[in-house]
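Biologist: I would like a close look at a single part of this model, followed by its surroundings. Please take it step by step.

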Amino acid sequence: MPKLTFYPLGNADCCLMDLANGKKLLFDYANTRCANDETDKRIDLPTELRNNLQAARKSDFDVVAFSHLDHDHTCGASEFFYFEHDKKYQSEDRIKIAEMWVPAAVLIEKRDTLGDEHKIIQAEARHRLCTKKGIRVFSRPGLLKDWLESRGMTLDEVCHLITDAGQVVPGFSREEDGVEFFVHSPFAKRLNECEVVDRNSDSLVLQVTFDNYGTETKVILAADSPYDVLSDMVDVTRWHNREERLEWDVVKLPHHCSYLSLGPEKGKNKTEPVPNVKWLFEDQGRAGGIIVSTSCPIPMEDTDQPPHRQAANYHRDNVSNKDGEFCVTMEFPSVAKPEPLVIEITGLGAKVLKRNRSGAATVTGVSAPRAG
């Protein structure tokens, strides 16, 4: 059975996607736990993922996607993964990546703006693109063309490794994998106009459609997109009359429940989203929808950094109107003892897996089935 697993990492992202055929895809990786602090409630991510692979008798992930090069999406990656560009990252205990997914911004961002960990990930992505294997790049801005030409390559040589917004990712199909990935962002147009990487605005946003015997369950993985990018996504999708590409049963909220993914003003008690974002969250979500905030517990008071209580109040009200669930990774199943949040994808929709007092697994939050 397909499932999504979101890990309690504080304000940080990592989502493991298990497909019905045994393939494993990892979206972001942030080992944020302080190993020397016994009171740290964040999960030991490398141990958790190694145990998961071992139980599945696998030594690698079929896909590892880095939505963008911020610390809360990449922390510890250079210590965990086997990277092909340098032998110092190739010990036997490292986890291999069959295919690496990155937005074009990862390749073209200037190295003097990157931290050491991000330089390593960038070097790996560049190596894979230059050797033309084991990578998928999203968007083809002019700066990528320039970068390739500076290395004696042309865009045509690697176009089969590039997927643009508005396209379906090759290599996965509903027939063989029970899943389809549709790309919403990044936009080449934004980078061509700005010529400066904005990691959040240029991050990878996908709609994932699971097909379980004709029943569709749709998931939006929104990286750290701000409200203006989400609004542009809505405009473009509507212009192409493809509103179904923004339907959702599960949403991974952008940027740890920040109000800036809804609108420019935080609000006193509840953030009011801009019209397009309001339509996305309210009109495109189905009954029983599940919203996931990969974040610290929602505070009672105002805070400068996310999560913001005003944004959380909006999302809680929205899913309440849909008989759905608002889940916070560092609150699930309790603030005192957070555990991985598992959402199963079944023929009856998306279900949050919970445990009863005896420790047995139960499911809640079943979204209504939708025929494909």
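How many bridges join strand 1 to strand 14, and in which sense do the two strands run?

Modeller: A caution comes before the answer: this is a predicted model. Strand 1 is joined to strand 14 (residues 341-346) by four bridges, and the two run antiparallel. Strand 1 also pairs with strand 2, again over four bridges and in the antiparallel sense. Threonine 5 gives a fixed point for both pairings. Opposite threonine 5 in strand 14 stands valine 342. Opposite threonine 5 in strand 2 stands leucine 16. As a general point, strands of a sheet pair through backbone hydrogen bonds, either parallel or antiparallel.

Now follow the chain out of strand 1. Strand 1 covers 3-6 and strand 2 covers 15-18, and aspartate 13 lies in the loop between them. Aspartate 13 is buried, because its relative accessible area is 3%, and under 20% counts as buried. Its side chain makes a polar contact with the side chain of threonine 294, at 2.6 Å. Threonine 294 is one of several contacts that aspartate 13 makes beyond its neighbours within four places in sequence. The others are Asp28, Tyr29, Ala30, Asp72, His73, Lys252 and His256.

Next, the open sheet. Six strands form it, in the order 8-9-10-11-12-13, with mixed pairing. Its edges are strand 8 (179-185) and strand 13 (325-328), each of which pairs on one side only. On average, neighbouring strands of this sheet are turned by 15° against each other, direction ignored. Within the sheet, strand 9 (residues 205-212) and strand 10 (residues 215-221) run antiparallel and are joined by seven bridges. Valine 208 has valine 219 of strand 10 as its bridge partner. Helix 12 (residues 309-321) packs on the sheet. Helix 12 touches strand 11 (248-252), strand 12 (285-293) and strand 13, and its direction makes about 145° with that of strand 13.

Two helix pairs come next. Helix 10 (residues 227-239) packs against helix 11 (residues 275-283) at an angle of about 75°, with the axes 8 Å apart. Helix 10 is therefore roughly perpendicular to helix 11, as angles of 65 to 115 degrees are classed that way. From helix 10, the contact is made by Tyr227, Leu230, Ser231, Val234, Asp235 and Arg238. From helix 11, Asn276, Val277, Trp279 and Leu280 take part.

The other pair is helix 5 (residues 116-131) and helix 6 (residues 142-150). Their packing angle is about 70°, and their axes lie 12 Å apart. Helix 5 and helix 6 are therefore roughly perpendicular to each other. Arg126, Leu129 and Cys130 make the contact from helix 5, and Leu144, Trp147 and Leu148 make it from helix 6.

Cys130 leads on to the cysteines. The structure holds zero disulfides. The closest cysteine sulfur to that of cysteine 130 belongs to cysteine 159 and is 15 Å away, so the two are too far apart for a bond. The cut-off for a disulfide is a pair of cysteine sulfur atoms within 2.5 Å. Seen from the other end, cysteine 159 is in no disulfide, and its nearest cysteine sulfur is that of cysteine 130. Cysteine 130 counts as partly exposed, at 31% relative accessibility. Cysteine 159 is partly exposed too, with a relative accessible area of 32%.

Technical notes. Residues numbered from 1 in each chain as written. Predicted model: local features only at pLDDT ≥ 70, side-chain atom pairs only at ≥ 80, totals over all residues. Heavy atoms only, no water. Buried < 20%, exposed > 50% of the residue type's maximum accessible area, 1.4 Å probe, protein only. Polar contact = N/O pair within 3.5 Å; in protein donor to acceptor, adjacent residues only side chain to side chain. Contact = heavy atoms within 4.5 Å. Pairing = 2+ DSSP bridges. Axes fitted to C-alpha atoms, helices over the stretch in contact; angles between N-to-C directions. Parallel < 35°, antiparallel > 145°, perpendicular 65-115°, else oblique.
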